[in-house]
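Colleague: I am new to this structure and would like a close look at a single part. Could you walk me through the aromatic rings and the sheet beside which they are described?

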Amino acid sequence: APVASFTASATSVCVGQPVNFTDNSTGSPTSWNWTFPSGTPAGATTQNVNGVVWNTPGTYTVTLDATNANGTSTATQVITVNAAPNVTVSA
C-alpha cells in the first residue's frame with residue numbers, strides 16, 4: 001500500500017494568499033484525493049495542487065488520500081489562515 005505524504009508551500013498564510021501542495025507519497029500511488037476545508041478549490045484529484053486559497057481566517061486540516069491497488073493511506077497537515085493586517089498611514 002502507499003504511504004501518503006505531502007508538503008505545503010506555507011503552513012501559515014494571510015487570507016487570500018495561495019498555497020501550493022506537493023505530493024511526496026511513497027509506494028507508487030495511482031490516484032490522489034485532496035480535501036481543503038473551506039478552501040478554493042474545496043478538493044482535487046490531481047497529484048499536486050497549486051493555488052489553494054482560503055478567504056476566512058481560521059485553522060484548517062488539509063487531507064490527502066493516496067491510493068493504489070494495494071490500499072489507501074491518509075496524511076493531514078494543518079494550515080493556519082490569518083486575517084489580513086490593518087495598516088494605518090498618516091501624512
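Modeller: Happy to; here is a walk through the sheet and then the rings. Please keep in mind that this is a predicted model.

Let's begin with the strands. Four of them make an open sheet, and reading across it the order is β1-β3-β7-β5, with antiparallel pairing. The edges are taken by β1 (6-8) and β5 (39-40); each has a single partner strand, so one side of each is left without a neighbour in the sheet. For β5, look at strand β7 (residues 49-54): the two pair in the antiparallel sense over two bridges. If you find G39, its bridge partner in β7 is W54.

W54 also brings us to the rings. In general, a pair of aromatic rings is described by the distance of the centres and the angle of the planes. The count here comes to eight aromatic pairs. Take W34 and F36: their ring centres are 5.9 Å apart and their planes stand at 15°, which is under the 30 degrees cut-off, so the pair is stacked. Both W34 and F36 are buried.

F36 has a further partner in W54, and this aromatic pair is edge-to-face, with 6.5 Å centre to centre and 80° between the planes. Because F36 lies in the loop between β4 (31-35) and β5 while W54 is in strand β7, the pair ties together parts that are 18 residues apart in sequence. Like F36, W54 is buried.

Finally, step back to the cluster: ring pairs link F6, F21, W34, F36, W54 and Y60. So W54 is a good residue to revisit, being the bridge partner of G39 and a member of this ring cluster.

Technical notes:
Residues numbered from 1 in each chain as written. Predicted model: local features only at pLDDT ≥ 70, side-chain atom pairs only at ≥ 80, totals over all residues. Heavy atoms only, no water. Pairing = 2+ DSSP bridges. Helix = DSSP H or I, 4+ residues; strand = E, 2+ residues; numbered from the N terminus. Phe/Tyr/Trp six-rings, centres within 6.5 Å; stacked < 30°, edge-to-face > 60°. Buried < 20%, exposed > 50% of the residue type's maximum accessible area, 1.4 Å probe, protein only.
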